[in-house]
Amino acid sequence: MTHTLILLRHGNSDWNQKNLFTGWVDVRLSDQGVGEAKRAGELLAESGVLPDVLYTSVLSRAIQTANLALDTADRLWIPVKRSWRLNERHYGALQGKDKAQTLAEYGPEQFQTWRRSFDVPPPPIADDNEFSQINDVRYAGIDGAIPTTECLKDVIDRMIPYWESDITKDLAAGKTVLVTAHGNSLRALVKHLDGISDDDIAELNIPTGIPLVYKLDENFRPLGPAEYLDPEAAAAGAAAVAAQGNKK
Ligand code: DG2
């Protein structure tokens with residue numbers, strides 16, 4: 001049996017536009033992001049790859065994106081499951097900081113290590129930092145402590161158990177699953193699915209707002225390379241993410 005999985009990074013957010021590290025800070029879509037989310041819905045409708053169930057993080061930019069895309073594809077009625085385990089990587093003390101200023105202050109090596117290394121987290125965020133999630137009620141019931149920083153490995157460790165316990169169950173039941181999440185939480189899932197090494201994953205960037213479709217075998221392994229529904233826009237979007245520190 002072939003399973004269909006659609007991954008969608010949220011559209012451009014207010015803080016993507018301002019070039020700020022976001023992580024668990026709950027920012028909204030920019031006007032550009034709203035347009036991208038609607039376009040994602042058009043791409044789903046045009047391709048006929050229509051989700052039966054939606055998984056999102058508990059961050060508004062992913063939820064908004066999924067709602068706009070599903071509304072456009074006339075699929076707003078499908079069941080929805082949300083989990084903090086699909087949240088963006090917690091960016092620690094970098095949350096709220098300007099990416100270009102951080103690059104200028106700490107240099108390209110440190111900047112790249114914080115953004116793209118597999119197992120080096122940024123410094124932790126202090127509880128009294130205005131961008132801490134320590135008192136955010138949506139995380140009151142999560143297992144374990146609310147993160148104060150995460151590297152990609154930490155995201156894999158909290159997300160893959162959820163992939164295995166919940167998302168693959170819907171795939172096994174024959175459902176087409178849409179996962180609407182974030183640049184780094186989706187990098188973690190793509191790393192797992194495609195078997196990308198800890199070193200090579202540094203080169204992978206996920207563009208905002210373009211559906212990426214996987215066909216999976218009965219063991220949830222890809223039958224071939226995943227395909228973006230708009231490959232040209234995806235390549236341009238991924239290059240823009242890679243260059244983000246240089247943006248003025
Ligand atoms: C971005 C990713 O996350 O940033 O947290 O700043 O996908 O939620 O906009 P998203 C953030 P980079 O790791 O690409 O710098």
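Three exercises with worked solutions follow.

This is a predicted model, in which local features need pLDDT of at least 70 and side-chain atom pairs count only at pLDDT 80 or more, while totals for chains, interfaces and linings use all residues. Residues are numbered from 1 along each chain as its sequence is written, and side-chain values use heavy atoms, with hydrogens and water left out.

**Exercise 1.** State which element has the lowest mean pLDDT and which the highest.

Solution. pLDDT is the predictor's confidence in each residue, from 0 to 100. For the chain, the mean is 97, and 99% of residues reach 70 or more. Helix α8 (residues 231-242) is lowest with 96, and strand β4 (residues 177-181) is highest with 99. Helices (H or I, at least four residues) and strands (E, at least two) are DSSP runs, numbered from the N terminus.

**Exercise 2.** Give the strand order of the open sheet and name its edge strands.

Solution. Two strands pair if DSSP finds at least two bridges between them. The six strands run β3-β2-β4-β1-β5-β6, with mixed pairing. At the edges are β3 (80-82) and β6 (227-228), each paired on one side only. Inside the sheet order, β2 (residues 53-56) pairs with β4 in the parallel sense over four bridges; valine 53 has valine 177 as its bridge partner in β4.

**Exercise 3.** Classify the crossing of helices α4 and α5.

Solution. Axes are lines fitted to C-alpha atoms, for helices over the stretch in contact (heavy atoms within 4.5 Å); angles run from 0 to 180 degrees between N-to-C directions. The axes of α4 (residues 99-106) and α5 (residues 108-116) come within 6 Å and cross at roughly 130 degrees. Under 35 degrees counts as roughly parallel, over 145 as roughly antiparallel, 65 to 115 as roughly perpendicular and the rest as oblique. The two helices, α4 and α5, are therefore oblique to each other.
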